[in-house]
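Good morning, and thank you for making time for this presentation. I shall introduce a structure that is new to most of the group, and I ask that you keep the view on the screen in sight while I speak.

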Amino acid sequence: AKPRHTDLLDDLNPAQREAVTHAGAPLLVVAGAGSGKTRVLTRRIAYLLAERDVHPGQIMAITFTNKAAAEMRERVSDLVGRRANAMWVSTFHSMCVRILRREAKTLEMSSSFSIYDSDDTKRLITLVARDLDIDPKKYAARTLAVHISNLKNELVDPETASSNAANDLERRVAEVYVEYQRRLNQANAFDFDDLIMRTVELLQTFPDVAEYYRRRFRHVLVDEYQDTNHAQYTLIRELVGTEPNESGVEPAELCVVGDADQSIYAFRGATIRNIEEFERDFPNARTVLLEQNYRSTQTILSAANGVIARNPNRRAKRLWTDAGDGEKIVGYVADNEHDEAAFVAGEIDALADKGEADYSDVAVFYRTNNQSRVFEEIFIRLGLPYKVVGGVRFYERREVRDMLAYLRVLANPEDTVSLRRVLNVPKRGIGDRAEAVIATYAERERISFAQALRGAVNGEVPLLNPRSAKAITGFVELLDELGEIVESGAEVADILEAVLERTGYRAELEESDDPQDASRVENLTELVTVAREFTEFTAEVAGPEGELPEIDPGVPEPGSLPAFLERVSLVADADSIPAADGGDDGDGHDSGVVTLMTVHTAKGLEYPVVFCTGWEDGIFPHMRALGDPTELAEERRLAYVAITRARKRLYVSRSMVRSAWGQPQMNPASRFLDELPGELVDWRRLAPSPSSGGFGSSGGSPRAATTWGRRGDGTSSPSGSSGTSPFGKGWKDTVALKLDVGDRVSHDKYGLGTVIACDGAGPRATATIDFGAAGKVRLMLIGSVPMVKL
Ligand code: ATP
Ligand code: MG
């Protein structure tokens with residue numbers, strides 16, 4: 001039954017209602033966390049369908065991660081049922097892939113293009129840099145990749161980059177960029193940044209294409225607008241238009257929602273400028289502010305506010321809740337990371353026992369993925385059901401990438417990076433020299449690597465020894481054989497089985513005695529399962545005839561190999577891996593398990609119980625941010641995001657000692673703990689047990705130790721945190737090294753270096769050290785630093 005107007009607006013406050021019913025001019029909704037921005041967006045979609053007679057196919061909704069897209073789709077189908085299928089609800093990347101598949105010809109690409117992820121990109125850049133004789137010590141592939149990515153996020157094309165290059169680095173970057181882009185084209189591949197940049201190019205260069213999409217999508221809605229970068233902003237503007245086009249098609253209706261305090265993707269070029277300048281970018285725009293928070297208790301809100309208020313240059317917001325104070329925040333200082341994980345696990349168990357929370361109500365956050373391991377270990381030991389979102393990425397494992405590379409070569413034979421990856425995997429006698437000979441030949445003849453390989457089969461490649469030529473012939477025949485299986489319309493899982501079988505890849509792993517290889521076989525089995533589920537899932541979504549979601553020409557046929565690869569690429573890109581753990585579980589709450597994830601992944605989500613772990617300077621805020629005000633502000637926004645995910649109960653914890661590079665490191669308390677109003681936190685444990693004090697002597701460090709009673713850097717503490725401060729009471733930071741600019745050091749891992757900057761004091765002292773070839777590294781100087789002053 002069609003939802004009635006009143007149902008849709010009943011449980012909204014007046015400002016939300018205004019945003020939902022607003023028609024015409026571009027609309028910006030700005031508001032703090034938990035104020036119902038996403039609710040407004042999904043409700044607006046329902047309202048468009050129910051009350052404004054908009055067809056689902058005319059709606060495009062954009063979210064930032066696949067997880068969020070799945071959640072949005074779910075929320076919308078709860079409201080409008082299967083009709084939701086005809087809408088485009090996706091991430092920027094998925095949306096662009098759909099457009100590019102359809103329009104590839106216009107950009108002189110084939111619609112079977114590959115999508116290169118950051119690892120492929122780095123490989124290709126390494127190849128390019130090597131061919132251009134660029135010294136990898138001076139310009140690492142990673143550095144070049146970051147610069148090229150930044151250029152693309154700013155929509156700077158290779159030619160412009162070349163003519164703008166003003167110094168040596170920029171010239172080198174531009175040179176690599178030009179060649180890299182040429183090779184991407186030749187390989188019929190887009191990298192992630194291209195997906196956006198080239199779609200913008202498409203819309204800007206071909207007005208008829210732009211018009212097609214403008215006619216089609218009359219409503220564009222964007223969640224988390226604070227995390228859009230310049231390229232994404234431009235894409236939106238090109239899609240909706242700001243004035244009628246030549247044929248008189250009016251701009252589409254735009255609705256964006258965001259919160260400048262939650263902007264956490266600056267490293268991908270995100271800029272809150274897009275929120276701040278919205279009214280200038282889109283003439284006649286209307287702005288709606290939401291002020292009531294419906295998610296959290298007052299205690300949690302006040303904590304969040306205490307932290308974010310420290311950021312300079314922000315617009316203060318009024319955010320209130322009528323949920324009452326609720327429980328105090330629970331704080332815990334652990335001896336080490338294992339102790340911290342044990343505390344978290346014990347607490348979750350206790351809550352479950354008392355019936356105060358289900359496992360699925362609980363989320364555990366950490367700053368970086370590698371912190372999940374300790375939690376996993378103890379959860380497994382205690383039999384606590386959990387899942388890691390994003391964790392060690394399934395799709396980044398070597399064997400999985402090898403198989404996907406095979407599949408990509410089969411779908412797109414020109415995909416050079418994938419082809420070269422599997423050329424001699426498993427070993428088949430095509431060595432580096434043979435590969436180089438082929439590459440040079442391809443380069444000279446201006447043909448693709450794949451064509452050059454075929455040339456080798458026909459004896460056209462000079463300097464290739466007969467043994468290599470024979471091996472190459474075998475390889476090409478193998479690919480042809482597999483290609484026939486693909487042509488015959490086999491299911492993806494069966495294609496995968498054929499690859500595992502006929503390449504001898506699985507046999508090689510099975511014969512190995514290395515226990516790692518056994519787990520590789522398991523991962524490959526898992527991949528086959530993923531492929532099987534993919535086919536089944538697609539069949540299910542397609543449903544009975546007549547209810548098919550609209551399929552665009554150019555979108556890979558559901559269930560096909562290209563469709564599978566596309567899904568995998570995009571899933572592997574986002575911070576979540578829905579496919580690997582058995583299908584999308586939308587909001588991540590429904591499977592009766594505790595969720596472990598990074599704070600970045602948690603954006604937009606909410607949980608009744610949240611554990612914020614590892615709040616230590618150098619961990620969170622991240623080491624990189626110490627002494628860098630811009631980065632520190634970004635970390636603080638991340639802390640704000642973390643706190644505001646909690647609905648009822650919030651825990652914060654830190655650990656005195658944590659191992660890093662296999663060495664115990666003593667970490668000072670996160671400055672963000674200082675920023676939580678003292679009266680809101682109930683510290684369960686402040687001081688470590690005396691028995692754990694053996695830190696100073698660990699590793700037999702010969703370095704002199706200076707002790708610090710309280711934080712020695714004189715950072716102002718908020719007035720509230722008098723005697724109950726978690727720092728300084730029962731323990732002492734150990735500063736192992738005193739360094740000055742110009743000092744020479746020797747580090748166990750990085751080798752010889754020279755100190756080029758010193759920041760902070762006492763427990764927060766850091767030094768930036770130039771280790772020559774190993775790069776410049778900023779290190780904390782407390783604890784047992786694996787480094788000596790020379
Ligand atoms: P974030 O900034 O974290 O993305 P948000 O502003 O998008 O948050 P929502 O996730 O939309 O906030 O809403 C937060 C919670 O409040 C959700 O559980 C939502 O259902 C609920 N909520 C929002 N508006 C109302 C309302 N008017 N009445 C009752 N509950 C509401
Ligand atoms: Mg939201």
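How far apart do the C-alpha centres of domain 1 and domain 2 lie? They lie 32 Å apart. Please bear in mind from the outset that this is a predicted model.

Let me place that pair within the whole chain. The domain assignment gives domain 1 as residues 5-101 + 197-290, and domain 2 as residues 114-187. Domain 3 is assigned to 298-311 + 322-390 + 587-691 + 705-734, domain 4 to 395-549 + 561-565, and domain 5 to 736-790.

Between domain 1 and domain 2, nine residues of the former are in contact with six residues of the latter. On the domain 1 side, helix H10 (192-205) and helix H12 (230-240) are the elements that give two or more residues. H12 provides the largest share of that side, namely three residues. Sorted by class, the domain 1 side has four nonpolar, four polar and one charged residues.

I turn to the chain as a whole. There are 29 helices and 23 strands. Of the 790 residues in the chain, 46% are buried. Among contacts with a separation of 6 or more, 76% join residues that are 24 or more positions apart.

Next, the ligand. Where does ligand 1 lie with respect to domain 1 and domain 3? It lies between them, because both domains give residues to the shell around it. There are 19 residues around ligand 1, and those that come nearest are Gly36, Lys37, Thr38, Arg39 and Tyr294. Helix H3 gives the most to this shell, with three residues. By class, the shell around ligand 1 has four nonpolar, nine polar and six charged residues.

A record bears on this region as well. In an unreviewed entry, UniProt lists Ala31, Gly32, Ala33, Gly34, Ser35, Gly36, Lys37 and Thr38 under "binding site". I shall take two of the listed residues in turn.

Gly34 sits in the loop between strand S1 (27-31) and helix H3 (37-51). Is Gly34 buried or exposed? It is buried, because 25 other C-beta atoms lie within 10 Å, and the threshold for a buried residue is 20 or more. Leaving aside residues up to four places away in sequence, Gly34 touches Asn293, Tyr294, Arg295, Ser296, Glu606 and Thr644. One of these, Tyr294, also appeared among the residues that come nearest to ligand 1.

Lys37 belongs to helix H3. Lys37 counts as buried too, since it has 25 C-beta neighbours inside 10 Å. Its contacts, again without residues up to four places away in sequence, are Val29, Ala31, Val257 and Leu290.

Some details of the backbone also deserve attention. The peptide bond from Val425 to Pro426 is cis, with omega near -10°. Pro426 is in the loop between helix H19 (416-422) and helix H20 (432-445). The bond from Phe620 to Pro621 is likewise cis, with omega near 5°. The place of Pro621 is the loop between strand S13 (607-612) and helix H28 (629-643).

Which residues other than glycine have a positive phi? One is Leu155, with a phi of about 60°. Leu155 lies in the loop between helix H7 (141-153) and helix H8 (158-164), and it is partly exposed, with 19 other C-beta atoms within 10 Å. Another is Asn313, whose phi is near 55°. Asn313 is found in the loop between helix H15 (298-308) and strand S9 (329-336). With 5 other C-beta atoms within 10 Å, Asn313 is exposed.

Finally, a word on confidence. The chain averages a pLDDT of 84, and 85% of the residues score at least 70. The model scores ipTM 0.99 and pTM 0.76. Over residues 541-553, pLDDT stays under 50, and the model has eleven contacts beyond four places in sequence for them. Over residues 691-735, pLDDT also stays under 50, and there the model has 87 such contacts beyond four places in sequence.

To close, I return to the ligand: ligand 1 lies between domain 1 and domain 3, and Lys37 is among the residues that come nearest to it. Thank you for your attention.

Notes:
Residues numbered from 1 in each chain as written. Chains lettered and ligands numbered in written order. Predicted model: local features only at pLDDT ≥ 70, side-chain atom pairs only at ≥ 80, totals over all residues. UniProt positions renumbered as here; feature names shortened; annotations may be inferred. Helix = DSSP H or I, 4+ residues; strand = E, 2+ residues; numbered from the N terminus. Buried ≥ 20, exposed ≤ 12 C-beta atoms within 10 Å, placed from the backbone. Contact = placed C-beta atoms within 7 Å. Near = placed C-beta within 6 Å. Nonpolar A, V, L, I, M, F, W, Y, C, P; charged D, E, K, R; others polar. Domains from an automatic or database assignment. pLDDT = per-residue confidence, 0-100.
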